[in-house]
Amino acid sequence: MKRLLRYMVVVAFAFAFIPFHAIATVAEAQASIESILFARGVESKEPVGVAKEFDASVVQVFCWTKLSSKAPPTAVKHVWYKAGQKVLEVPLTINYSSGRYWSVKNVSIGDWTVEVVGANGEVIGAASFKVK
């Protein structure tokens, strides 16, 4: 029992002197974003009709991303917001070191944002568009 207690004190003491940034790198994002675009469609894995503003007659908008992973498979998600309110989460799995991934949402007039969120809840990237 004394040996276990001594071990626990040594470990706690050691962690007390590790810089916080060294601990934070362990939780570093496994995924990174190379590109995020909004489009009217996706054909042959490429965005079609890319824009930052869409007319109110547009029914759906695609969020197209090019993502990389340090250690596939890696879980990420597209989180869609309208006027700051979360309206949709789309889970995605990065199966290769780099790939193109997209989600689609029926949209209405307003300001929209999509965040790409990693498995630990970290925001890897975000972009916004408008429907008017």
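Strands here are DSSP runs of E with at least two residues, helices are runs of H or I with at least four residues, and both are numbered from the N terminus. With that in hand, Ala-83 is easy to place: this residue is in the loop between β6 and β7.

A word on the ground rules. The model is predicted, so local features need pLDDT of at least 70 and side-chain atom pairs count only at pLDDT 80 or more, while totals for chains, interfaces and linings use all residues. Numbering starts from 1 along each chain as its sequence is written, and side-chain values use heavy atoms, with hydrogens and water left out.

**The two sheets**

Two strands count as paired if DSSP finds at least two bridges between them. One open sheet has 3 strands in the order β1-β5-β8, paired antiparallel. Its edges are β1 (31-39) and β8 (98-106), each of which pairs on one side only. Neighbouring strands in this sheet are turned by 20° against each other on average, direction ignored; the angles, from 0 to 180 degrees, are taken between N-to-C directions of axes fitted as lines to C-alpha atoms. Strand β1 is joined to β5 (residues 60-69) by 8 bridges, and Ala-39 has Phe-62 in β5 as its bridge partner.

Another open sheet has 5 strands, in the order β4-β10-β9-β6-β7, and its pairing is mixed. Here β4 (53-54) and β7 have a single partner strand each, so one side of each is left without a neighbour in the sheet. Strands β6 and β7 run antiparallel over 9 bridges, with Ala-75 opposite Thr-93 in β7.

**Aromatic rings and the core**

Rings of Phe, Tyr and Trp (its six-membered ring) pair when their centres lie within 6.5 Å; planes under 30 degrees apart are stacked, over 60 edge-to-face, and the rest tilted. The whole structure holds 5 aromatic pairs, and two that involve Phe-129 are set out here.

| Pair | Centre to centre | Angle between planes | Type |
|---|---|---|---|
| Phe-38 and Phe-129 | 4.5 Å | 45° | tilted |
| Trp-112 and Phe-129 | 6.1 Å | 5° | stacked |

Why does the pair of Phe-38 and Phe-129 tie together parts that are 91 residues apart in sequence? Phe-38 lies in β1, whereas Phe-129 belongs to β10 (residues 123-131). Trp-112, in β9 (residues 110-118), is 17 residues from Phe-129. Phe-38 and Phe-129 are buried, as is Trp-112; buried means under 20% relative accessible area, exposed over 50% and partly exposed in between, with a 1.4 Å probe and protein chains only.

These three rings join Phe-54 and Trp-80 in one aromatic cluster. A nonpolar core is a set of buried Ala, Val, Leu, Ile, Met, Phe, Trp, Tyr and Cys residues joined through side-chain atoms within 4.5 Å. The largest one has 21 residues, and Phe-38, Phe-54, Val-61, Trp-80 and Phe-129 have the most contacts inside it. At least two core residues come from each of β1, β5, β6 (74-82), β7 (85-94), β9 and β10.

**Backbone details in the loops**

Most residues other than glycine have a negative phi, and most peptide bonds are trans. Ser-44 has a positive phi near 50° and sits in the loop between β2 (41-43) and β3 (46-48). Ala-83 also has a positive phi, near 50°. Is Ser-44 buried or exposed? With a relative accessible area of 71%, Ser-44 is exposed, and Ala-83 is exposed at 62%.

Finally, the peptide bond from Pro-72 to Pro-73 is cis, with omega near 0°. Pro-73 lies in the loop between β5 and β6.
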